[in-house]
Amino acid sequence: MEDTSSDPCLVDLYEGDSCDLLILLETDTEDLIRNSEKWEQIIYSHIDRVLHSPRGLKIDSFDEDFDWLNSKPLSLDKELKNKLLVLDFFTYCCINCEHALAFIQQVEDEFRENSELVVIGVHSPKFLNEKDLDSVKNAVLRNKIKHPVINDPENHLWNKLGVYCWPTVLITSPSHQILFSLVGEVQIKKLSYLFHQTLNYFKMKNTLLSTNQLQLTLLEGHKETESLLFPSGISACGKSIIVSDTGHNRLLLLSFDGKIQHIIGSGAAGHKDGSYLKASFNRPQGTAWWKSNFIFVADTGNNCIRKIDLKVKEVSTVFKRKNTTIESDENFSSPWDVCIGPDFGSEINELNVLYIAVAGSHQIWAMPLQEASFIPSNEHEFVKCSPFAGSGVEECRNNIYKMKAGFAQPSGVSYSEANPGVLFIADSESSTVRSLSLVNGQVKTVVGGGLDPKDLFQYGDKDGSGYDVKLQHPLGICVVDEGKIFIADSYNHKIKLINVKKRECSTLVGSGVKGSKTSASLLECEFDEPSAISYTSDEKLLLIADTNNHSIKILDPESKMLKVISLTFPDISCVDAPVVQSVPRQENSNFRKINLKFGGRINCTFKLNQPGLSLTEGVMQPWNISLKGTCNWNVECRSNSLFHSTRQPSLILKCIEGSNEDPLSEIIISANLTLCDDINNICLPKKVTVKLEIEFSEKGQDSYDGVFVFT
């Protein structure tokens with residue numbers, strides 16, 4: 001075998017530097033800024049040393065076989081020549097990689113007008129399922145990544161450079177020599193500061209930097225507001241189902257026949273309490289019902305727990321990660337799922353504690369539920385919430401002491417009164433199902449994984465018992481009765497059944513092939529990364545969030561029938577969209593005089609033509625119509641949004657009957673739009689109005705096609 005021990009690699013990058021540089025990587029950014037002059041000299045000295053080192057590590061080329069997303073293939077010798085690169089090595093299952101995106105986005109925003117910088121994601125998969133290009137595309141869309149992404153399914157670039165941990169972010173010189181390797185969230189937080197200093201260094205050296213603009217071709221995703229987008233949470237109570245429509249930043253309350261009863265959340269990503277229409281969420285996931293009137297929501301992107309009050313139809317925040325130095329608060333990161341169970345050590349099986357699977361902190365947290373605690377004395381007070389189990393170290397460690405046990409991105413948690421005294425957890429990164437005793441705190445593995453608590457690569461697709469079972473990143477879990485658990489084995493695209501007493505696991509539904517097919521045979525049905533599952537004891541049905549298929553499926557275990565719920569959205573026209581008082585004047589193109597026959601129709605198509613602005617994805621755009629005159633109009637709305645691009649004309653008006661004595665009609669159509677400024681990354685409201693003056697006569701048109709463009 002060829003001896004490559006002398007080949008340069010990332011672990012050697014800081015050899016030759018003083019320990020000050022390593023201290024810098026662990027220092028708070030605010031402290032770096034306060035002592036900027038000191039740290040600048042350390043950074044500049046490091047860059048000088050690396051650029052002149054014979055052991056420097058340089059990226060010479062990208063593999064021609066790489067698939068590129070959001071752009072055409074880019075060449076280091078052409079499009080990327082003389083550009084500073086930020087390379088983000090990530091795998092989409094990794095919660096820490098998701099967190100790192102916020103710091104990468106910060107750099108992209110700060111240097112949006114600076115074309116010397118190019119950010120490139122390098123998807124380097126952990127799991128077998130993550131090698132699939134379509135799966136990576138879904139992850140790019142789900143995480144709203146808008147820079148070029150390389151799909152490197154065999155980890156060629158990862159191995160070539162000696163990357164060893166997710167996430168890792170590299171900063172290169174204009175000649176693509178690696179200057180900095182930032183490993184983990186703590187170091188990646190320094191990305192903005194280090195890039196500023198790197199850019200300053202090369203400008204001081206008068207280094208030639210390319211300012212050529214790259215032409216990106218962003219992936220087109222599933223944008224319809226009258227459907228689901230990456231649903232990732234589901235639970236039921238009585239005759240109602242609550243679905244986390246995660247990609248649309250909202251929740252849907254619906255009946256089992258698919259009729260939407262309420263849309264909860266404006267659809268714009270944010271954190272705002274209030275009415276269903278005004279409240280906002282950020283990638284909500286797991287949900288849990290309490291006393292049939294309340295629903296708790298793991299609002300993952302906001303690092304908080306929200307409460308929906310079904311009686312007063314309002315959303316409030318009951319616990320939020322605080323921006324303090326208190327360790328327990330800082331560790332509440334990416335709550336993923338919630339369930340309600342009894343208090344620890346209680347002999348009474350009273351459901352009065354909310355248990356939270358906190359994926360980013362690798363812990364289970366607990367929040368006592370007392371009605372008095374939901375009446376804070378001021379808006380800055382929240383319910384008490386604290387770590388309940390897990391050391392916070394990412395591992396699959398069993399222990400008789402719950403705080404010394406280790407979890408690896410726990411993503412599902414479930415409790416059932418029929419199986420008292422035990423929480424069950426879908427521990428996604430270890431590909432295991434774990435149990436947590438509420439009697440003595442002992443944490444055990446039910447199925448999956450291996451004996452080494454540090455080995456998080458014991459995954460696969462194998463039924464059996466105990467450690468012989470192999471799962472692949474299970475996300476959803478629900479306990480049905482004593483000894484029976486259903487799980488969403490997400491990356492195997494299957495629903496599996498676990499016998500807790502025998503520690504046996506078997507496939508219930510799913511062929512293992514990614515797809516959307518339903519079949520008479522359950523083992524021939526298909527899913528695409530199902531991520532949430534719930535059982536309703538009233539209906540005796542399993543509810544499944546089939547995430548990448550943007551659908552909800554119902555399984556009847558008795559009849560062995562699987563079907564997709566067809567959603568029916570309410571007509572939200574005339575909801576919170578008062579007629580705008582300011583209407584277009586005659587010289588305005590959206591003021592039209594129309595000569596129409598009685599019985600004629602008007603087909604209205606609406607378009608937005610404002611470069612840099614687009615309709616906010618997932619947000620309902622309320623509209624209204626005012627009709628004056630003696631004509632009796634039939635109003636057919638073909639979409640809940642007038643600006644729905646795939647169903648135009650979206651509004652059809654037909655005069656059913658009228659009076660020759662009064663042949664004039666006036667129609668005013670108005671809409672309250674929520675737009676995204678794609679350049680500055682902000683949302684803003686816009687009111688638009690159309691005015692139609694119609695005169696009816698025998699010589700009028702049978703039909704008028706109106707296209708209304710707003711600029």
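The protein has nine helices and 40 strands. The model is predicted. Of its 711 residues, 55% are buried. The protein exposes about 30900 Å². Carbon and sulfur atoms supply 47% of that exposed area. Contacts between residues at least 6 apart in sequence were also examined; 60% of these join residues at least 24 apart.

His 46 is placed in helix 3, which spans residues 36–51. Its relative accessible area is 0%, so His 46 is buried. Residues up to four places away in sequence are not counted in its contacts. On that basis, His 46 touches Leu 13, Tyr 14, Asp 17 and Leu 21. It also touches Leu 179 and Phe 180.

Packing between two helices was examined for helix 4 and helix 8. Two packed helices are described by the angle between their axes and the distance between the axes. Helix 4 covers residues 95–110, and helix 8 covers residues 191–204. Their axes lie 9 Å apart and meet the description of packing at an angle of about 40°. Helix 4 is therefore oblique to helix 8. On the helix 4 side, the contact involves Phe 103, Ile 104, Gln 106, Val 107 and Glu 110. On the helix 8 side, it involves Leu 191, Ser 192 and His 196. Four of the residues in this contact are nonpolar, three are polar and one is charged.

Three buried loop residues were then considered. Thr 246 lies in the loop that links strand 8 (240–245) with strand 9 (250–255). Its relative accessibility is 5%, so Thr 246 counts as buried. Thr 246 and Pro 284 are 38 residues apart in sequence. Their C-alpha atoms are 5.4 Å apart in space. Pro 284 is also one of the contacts of Thr 246 when neighbours within four places in sequence are left aside. Arg 283 and Gln 285 are in contact with Thr 246 as well. Further contacts of Thr 246 are Leu 229, Phe 230, Pro 231 and Ser 232.

Pro 342 lies in the loop between strand 16 (335–341) and strand 17 (353–358). Pro 342 counts as buried because its relative accessibility is 5%, under the 20% cut-off. Residues up to four places away in sequence are again not counted. Pro 342 then touches Ile 348, Asn 349, Glu 350, Leu 351, Asn 352, Val 353 and Tyr 355. Tyr 415 and Leu 438 are also touched by Pro 342. Pro 342 and Pro 420 are 78 residues apart along the chain, and their C-alpha atoms are separated by 8.7 Å.

Glu 395 lies in the loop between strand 19 (386–389) and strand 20 (410–414). With a relative accessible area of 5%, Glu 395 is buried. Its contacts, leaving aside neighbours within four places in sequence, include Gly 406, Phe 407 and Ala 408. Asp 427 and Arg 434 are in contact with Glu 395 too. So are Pro 453, Lys 454 and Leu 456.

One annotated stretch was also examined. An unreviewed UniProt entry lists residues 471–501 as "repeat: NHL". Over residues 471–501, the chain is 58% strand and 0% helix. The end C-alpha atoms of this stretch are 19 Å apart.

Note on methods: Residues numbered from 1 in each chain as written. Predicted model: local features only at pLDDT ≥ 70, side-chain atom pairs only at ≥ 80, totals over all residues. Heavy atoms only, no water. UniProt positions renumbered as here; feature names shortened; annotations may be inferred. Helix = DSSP H or I, 4+ residues; strand = E, 2+ residues; numbered from the N terminus. Axes fitted to C-alpha atoms, helices over the stretch in contact; angles between N-to-C directions. Parallel < 35°, antiparallel > 145°, perpendicular 65-115°, else oblique. Contact = heavy atoms within 4.5 Å. Nonpolar A, V, L, I, M, F, W, Y, C, P; charged D, E, K, R; others polar. Buried < 20%, exposed > 50% of the residue type's maximum accessible area, 1.4 Å probe, protein only. Areas by Shrake-Rupley, 256 points an atom, 1.4 Å probe, with all protein chains shown as cover.
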